[in-house]
Amino acid sequence: MQAVAPDDWADAVRRARGQRLRWAGLWVEEPEAGTLQCLSCFVRGGDYVLLRTRLEGHAPRLASHVPYYPAADRMERHARDLWGIEFIGHPDGRRWTRHQ
């Protein structure tokens, strides 16, 4: 697992794309009150790379992976709906998760 500062999240995904890693998933955890942890998984040849970043505060923001990995679209929208993370550069502002 590689820890990445939130400001370096976009650079990390650019490097992953440049290394031809396949995007496999994104999820969010809350390890402690007031802190979110966003993780993204990449795969190449059966090997996994996990990126992790910590987000603090009431208005978390993080660069979107969608410009490099279109499959990240729904996962980021879901994370935004559930955790309030603004994914900067995400092309689709519609909600994904419907709370009813």
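A residue is called buried here when its relative accessible area is under 20%. The structure is a predicted model, and that cut-off is handy for a quick look at its cysteines. Cys-41, with a relative accessible area of 11%, falls under the limit and so counts as buried. Cys-38 gets the label too, because its relative accessibility is 0%. Across the protein chain, buried residues account for 41% of the 100 residues.

What about disulfides? There are zero of them in the structure. Cys-38 takes part in none, and the nearest cysteine sulfur to it, in Cys-41, sits 12 Å off. Seen from the other end, the sulfur of Cys-41 has its closest cysteine sulfur in Cys-38 at 12 Å, and that is too far for a bond because a disulfide needs the two sulfur atoms within 2.5 Å.

Now for the fold itself. The protein chain has two helices and six strands, and these run along the sequence as β-α-β-β-β-β-α-β. The radius of gyration is 13 Å, which agrees with the value near 13 Å that a compact globule of 100 residues would have. Along the principal axes, the C-alpha atoms fill a box of roughly 40 × 25 × 20 Å. Of the contacts between residues at least 6 apart in sequence, 43% link residues at least 24 apart.

On to the surface and the charges. The accessible surface of the protein chain is about 6200 Å², with 47% of that belonging to carbon and sulfur atoms. The side chains include 15 positive and 13 negative ones, and the centres of these two sets are 8 Å apart.

Note on methods:
Residues are numbered from 1 along each chain as its sequence is written. This is a predicted model: local features need pLDDT of at least 70, side-chain atom pairs count only at pLDDT 80 or more; totals for chains, interfaces and linings use all residues. Side-chain values use heavy atoms; hydrogens and water are left out. Helices (H or I, at least four residues) and strands (E, at least two) are DSSP runs, numbered from the N terminus. The radius of gyration is taken over C-alpha atoms; the globule rule is 2.2 Å times the number of residues to the power 0.38. Buried means under 20% relative accessible area, exposed over 50%, partly exposed in between (1.4 Å probe, protein chains only). Contact means heavy atoms within 4.5 Å. Accessible areas come from the Shrake-Rupley method with a 1.4 Å probe; for residues, only the protein chains shown count as cover. Lys and Arg count as positive and Asp and Glu as negative; His and the chain ends are not counted. The place of a charge is taken as NZ of Lys, CZ of Arg, CG of Asp or CD of Glu.
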